Amino acid sequence: MRKLAFAACLVLGWNTSLAAQELAVGLGLNVTSIDPHFHNTTPNLNVAAQIFDRLVHTDAQQRPVPGLAISWRTLDPTTWEFVLRDGVKFSDGTPFDAQDVLASLRRAPLVPNSPSSFGIYTRAIAAAEAPAPNRVVIRTREPYPLLPYDLSAVNIVSRAAETASTADFNSGRSAIGTGPFKVVSWTPGDRLVVERNPYWWGGTVPWARVTFRLIVNDTARVAALLAGDVQMIEAVPPADIARLERDPAFRVSRSLTTRFFFLHPDQFRDVTPFATDKAGNALPRNPLQDVRVRRAISLAINRAAIAERLFSGQAVPAGGVVPDGFFGGDPDLKAPAFDPDLAKRLLTEAGYPDGFAITIHGPNDRYVNDDQVVQAIAQMLARIGIQAKVETMPWATFASRSNRPDFSLIYIGWLSATGEASSTLRSLLATFNRETGMGSSNRGRFSDAGFDAKLAEALGEMDDGKRELALRAATRLAMDAQGIVPLLYQYSVWAMRKPLAYGPRADDQTWAAWVRPE
């Protein structure tokens, strides 16, 4: 049985005095809820992982490993069997069994007012049953090899919480899981305090209590680490990495992640709200519906310069949706070359020899130097004749408005929750369908029948090698159609006071149970 990485360290014998220690961690992104099914976004998934488990866990490179399920197999092309771990209890002492899994699968896609539904991870399920307390059988509508990957993103709650509201979870009443910690208190916008779950099946974690402080301001987060108010921070600002690496009191760790940044252009409205001619007059048609315009925008952006100057080298230019080395990543799909002359020619061919005006919207408190990145992109577009205005805003406002969607061209990031390409392709580029959950974060409403067909082929291919080739082909179709404008893949960077150490994760998450003395 493969266990989580830190479990082996426990067996090898950490100092038992550590069991009384407390840990304070500075998180870099705001958490909107501790309801594990409310919002499919990285910071929420991060805190959920402290409290809840999944049937399938993932290792540091987001490969599936046993979680609440110790094994899984296909009984036939559309039937999966998951064998559950014996003796698991929730943090209130209630025994866990297959009925809790069924309740969680029913609840996950149906949480009211979810900004980004978990239904995308349950849509393939036609039926689920529990023939025994330690066994779950799931039937899919068609052959679906990605079910274990999808279930690595669905947290398991108690059957008693199936009808609980998001408010019930945020109050702590229903936030009862089988994970390494249990909730002490949750103060939105400020902190989450958890303590060791004495019933956790993974062993005794070294921290009696952990405080996750939400410190979204980069300067304040680093200051808290330097002052000793927290012992560890995530999302180390690029400008501070070298200084912390030189200081013998600190340790820095990093990992290339599946988080990537991109522009999402409005492709579904015949007239888009934030594009005009340079005099401010409405355009008769939406220029972003023309693939030549979208390609021109892509070619106008100097990705390498943004990576070096605004990410201090902690990002690399992107040409697809996951980096090479992750499942579905295509080593032959390179980042578009910086070519402003070709960009100008494409604009002329599209009927915009003098360009046009557009507003780029983005967050200003969510990602590394996000406001500066949007400003840099606007300046690059100006060089090819696109007069770009910048409007950035706090993430909460931006997320709500972009989901409606209100904007013409947005800068945003995405991280594959499953560590492979299909998660991103389904969410960002599949034709939007509220009923199936496909295209749940497709804010530009890109829609291409050829891409959808190739993606469907990949999702139904049981052979891993053939499925990866199909995912690569689907990605190339979407990139050729410029459904999005890929920009960068990001390195995630953590800093901590010695003797603490943390093995970095490609999913950009900070798991307190993995934080350990050297």
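Modeller: A pocket is an open set of points, on a 1 Å grid over the protein atoms alone, with protein on both sides within 12 Å along at least five of seven lines. A cavity is a set of points on that grid where a 1.4 Å probe fits but cannot get out. This is a predicted model, in which local features need pLDDT of at least 70 and side-chain atom pairs count only at pLDDT 80 or more, while totals for chains, interfaces and linings use all residues. Residues are numbered from 1 along each chain as its sequence is written, and side-chain values use heavy atoms, with hydrogens and water left out.

Biologist: What makes up the volume of the second largest pocket?

Modeller: A volume is the space filled by probe spheres set on the grid points, which are joined across faces, edges and corners. For the second largest pocket this comes to about 480 Å³. Its lining has 32 residues, and Asp218, Arg221, Arg366, Tyr367 and Val368 are the closest to its centre.

Biologist: Why is Asp218 called a lining residue of this pocket?

Modeller: A lining residue has an atom within 4 Å of a point. Asp218 is among the residues that line the second largest pocket, so it has such an atom.

Biologist: Which element gives the most to this lining?

Modeller: Strand E18 does, with four residues. A strand is a DSSP run of E with at least two residues, a helix is a run of H or I with at least four, and both are numbered from the N terminus.

Biologist: How do you know how many residues of this lining are charged?

Modeller: Asp, Glu, Lys and Arg count as charged; Ala, Val, Leu, Ile, Met, Phe, Trp, Tyr, Cys and Pro count as nonpolar; the others, Gly among them, are polar. The lining divides into 13 nonpolar, ten polar and nine charged residues.

Biologist: What is the volume of the largest pocket, and which residues lie nearest its centre?

Modeller: The largest pocket has a volume of about 1000 Å³. It is lined by 43 residues, with Asn433, Arg434, Thr436, Gly437 and Met438 nearest its centre. Helix H14 (449–460) gives the most to this lining, with five residues.

Biologist: How many cavities of 30 Å³ or more are there?

Modeller: There are four. About 220 Å³ of space lies in the largest. Of its 20 lining residues, Asn40, Thr41, Thr42, Arg366 and Trp414 are the closest to its centre. Strand E17 gives the most to this lining, with four residues.

Biologist: Why is this space called a cavity?

Modeller: A probe fits there but cannot get out, so by definition the space is a cavity.

Biologist: What makes Leu310 of helix H9 a buried residue?

Modeller: Buried means under 20% relative accessible area, with a 1.4 Å probe and protein chains only. Leu310 is one of the buried residues of H9, so its value is under that limit. Helix H7 (238–246) and helix H8 (291–299) are among the elements that cover the buried residues of H9.

Biologist: What makes a set of residues a nonpolar core?

Modeller: The members are buried Ala, Val, Leu, Ile, Met, Phe, Trp, Tyr and Cys residues joined through side-chain atoms within 4.5 Å. The largest core has 145 residues, and Leu55, Phe82 and Leu429 are among those with the most contacts inside it. Helix H11 gives the most to this core, with seven residues. A second, separate core has 14 residues, including Val222 and Ala495.

Note on methods. Buried < 20%, exposed > 50% of the residue type's maximum accessible area, 1.4 Å probe, protein only. Contact = heavy atoms within 4.5 Å.
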